[in-house]
Amino acid sequence: MKVHIRHWRMVITIGLLLSITLSGFAYAALGDRLLGRGSKGSEVTELQKKLVQLGYTVGTVDGKYGSKTEAAIRRFQKEHGLRVDGLAGTQTIKELKRLTGQSTNASGKAVGYKNIDTNLLARAVNAEARGEPYIGQVAVAAVILNRIADPAFPKTVADIVYQPRAFSSVDDGQINLPPSASAIRAAQEAVTGSDPSGGALFFFNPAKTSNKYIWSRPQIKQIGNHMFTK
Amino acid sequence: MHRKLWIGAIALALLISLGWGWNEYRLAGEYRLAAENNNRRALNDFASHLDQLETDLAKGNVASNPAQKILYLSQVSSKSEAALKDFAQIPAQQTGLSYVGQFLTQSGEFARILAQRVAGGGAITSEEETTLRDMHERLMPVNQQVQDLILRMDTEKLVWTDPDPSWRQRLGLGTQVAEAAADGSEAPSKSVSSGLDQLDAGLQKLPPFSYTGEYSTRVVAKPLGLPAGEVTKDQALEKARDFLSKIGYADATPEFSGESQTELACYIFNYKESYLEVSRQGGAIVLYRDQRAIEPKTLKVEDASNKAKAILQALGWQQVAITSSEEFGSYVQFDAVYEKDGVRIYPDKVRLMIALDNGQLVGFDATPYYAFHHERTFPAKLTMEQAVRKLRPNFQVLESRLAVIPKSGNKEVYSYEFRGRYQGEEYLIYLNATNGAEEKIQRIIKTPRGEYLK
């Protein structure tokens with residue numbers, strides 16, 4: 001009988017210990033420990049999700065800190081003035097958390113991300129002006145915003161971007177690619193009022209377009225490979 | 001024995017591929033049908049909204065009692081918005097300006113302006129009555145033609161867009177269909193989109209409406225704030241070098257890379273990874289952007305703000321004050337506006353970007369300032385106490401000042417700016433400085449990158 005009780009006690013103790021350690025693993029929050037090449041788990045998944053949200057691609061979000069995640073972290077660190085070491089330490093994670101947080105009103109109540117239009121704008125910039133200089137990307141975003149202000153065009157970002165045949169990137173599906181970090185930044189900048197296009201309503205690549213209509217528009221300036229026109 | 005096995009395998013492969021092909025064919029058919037249904041829905045909705053718009057416009061014309069007038073005019077504006085949304089979903093051939101869209105926007109906006117005026121106790125002038133009638137006159141044939149298109153879809157099997165050029169045309173042996181349609185040629189349309197193009201061409205020939213719209217343009221016809229006198233390319237180059245040396249690039253050798261043809265025509269220069277525009281009129285630095293790699297940050301936002309102030313001084317911008325900042329990671333963006341006699345002139349804006357590694361200027365945009373800056377005269381105004389009394393009760397004022405704010409249609413309003421709290425939210429409220437009318441309300445949102453006005 002005595003042996004029996006001792007046996008049970010042991011089982012319970014081991015069970016308790018196991019459940020404590022395991023739950024520690026399962027619920028480890030992002031920022032509790034340094035993450036680097038080879039790290040695995042739900043924290044890495046969370047990290048990857050935040051990177052993707054800010055436009056740093058990690059391949060698939062799989063909870064494994066591989067070479068792509070490391071490269072994304074490096075790019076994030078470079079573009080945010082952090083020491084570039086490819087490790088997700090306190091500083092890096094703090095900055096990631098801050099930038100992916102929701103907006104708040106004056107009394108601190110969360111009111112959502114407030115970036116729905118910026119997000120679609122960033123997708124359009126990414127699809128239309130990938131590989132263009134950054135200022136050319138801001139200009140492409142500004143063209144879409146200029147169209148909203150123009151009486152001859154629809155009045156929302158979605159209506160303009162998805163206007164049939166308006167953008168070739170919608171027809172070939174590139175619009176659905178996740179936007180890059182620089183496209184997101186360009187969209188944010190255009191939304192706050194920058195317009196390097198000089199009030200343009202159209203843009204095209206002179207080397208690739210023979211469309212008469214677009215060539216007939218008064219030209220404003222060329223930035224990178226894009227000609228911006230009225 | 002061996003041969004039989006082979007024949008069996010090939011037959012099986014054939015069967016599998018046939019099954020696969022049939023399945024793909026069926027799927028493609030489903031997708032086509034889904035797209036077709038969407039297009040039809042858009043066109044039918046468009047026609048239906050146009051029809052209601054036409055009726056409401058007629059009723060708005062005849063209504064004489066204010067309540068009825070407001071009702072129909074507001075319906076005109078909401079119906080035209082709905083029609084515009086449908087119109088944007090119909091497959092089109094061209095990416096050009098659409099006069100149908102323009103017409104809908106204008107009539108909706110005009111009706112809204114009138115409705116607001118009547119609601120505020122105002123009256124409609126006889127000229128405006130004429131414009132309203134004119135709009136109705138123009139809408140009727142548009143409405144007819146769209147209904148005709150729908151009828152022809154059933155009787156003539158109209159397609160949505162003109163067929164793509166055949167391989168013969170692609171080889172240059174024929175004219176491109178799309179371009180012929182874009183010229184507005186009057187041949188009977190073979191597709192819905194060319195029918196709409198013709199409608200567009202018809203509207204294009206009509207004279208513009210005689211009313212001043214309110215829609216905001218982001219550009220001015222002529223820049224108001226540029227210094228007088230043309231500069232040559234060489235003089236502009238000197239200005240560019242001077243600017244670059246003041247922001248830490250001594251002995252820079254910018255290279256000419258083109259010209260822009262806007263109202264604000266500029267010479268464009270490149271230097272290392274930076275882009276610079278110098279205005280042809282007055283030789284002012286209008287736009288600058290440095291794309292250099294930015295090292296790990298050593299500065300805080302407040303330090304950057306001090307750097308920005310110092311740079312503004314060095315560049316000769318003594319009369320602008322920094323009003324907002326937005327953090328972009330490795331650099332901070334500041335907006336500074338012109339201040340005169342304690343009045344903040346928001347349209348005259350300059351934007352700066354300061355790198356957080358060494359405090360260097362990496363971005364500068366004075367386009368709004370040069371576009372809008374001019375000498376302003378301020379009319380007689382209410383006193384601050386009188387203005388405060390016009391605010392709603394319980395609005396807790398945190399800051400107040402005089403300001404000039406832009407209003408849609410390139411107009412400006414001289415107003416009192418109140419920053420304050422109401423029920424846990426923070427707002428900027430602008431009251432007209434002359435009569436105390438509420439001109440604009442902005443809600444302040446705190447985003448991870450800084451404050452944002454919406």
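Start with the contacts inside chain A (heavy atoms within 4.5 Å): of those between residues at least 6 apart in sequence, 48% join residues at least 24 apart. This is a predicted model, in which local features need pLDDT of at least 70 and side-chain atom pairs pLDDT 80 or more, while totals for chains, interfaces and linings use all residues. Residues are numbered from 1 along each chain as its sequence is written, chains are lettered from A and ligands numbered from 1 in the order written, and side-chain values use heavy atoms, without hydrogens and water.

Keep chain A selected and colour by secondary structure (DSSP runs: helices H or I of at least four residues, strands E of at least two, numbered from the N terminus). Ten helices and three strands appear, in the order α-α-α-α-α-α-α-α-α-β-α-β-β.

Next, select residues 126–155 of chain B, helix α4. Its end C-alpha atoms are 44 Å apart, which agrees with the 44 Å expected for 30 residues at 1.5 Å a residue (1.5 Å times one less than the number of residues). Just after this helix, B:Lys157 has a positive phi of about 50°.

Now show both chains. Their contact involves 62 residues of chain B and 58 residues of chain A. About 5,100 Å² is buried between them, 51% of it from carbon and sulfur atoms (accessible area, 1.4 Å probe, lost on being put together, summed over both parts).

Five salt bridges cross the interface (side-chain nitrogen of Lys or Arg within 4 Å of a carboxyl oxygen of Asp or Glu). For one salt bridge, select B:Arg289 and A:Glu189, at 2.6 Å, N to O. Finish on strand β12 of chain B, residues 438–447, which gives the largest share of the side touching chain A, five residues.

Definitions and conventions:
Buried area is the accessible area (1.4 Å probe) that two parts lose on being put together, summed over both.
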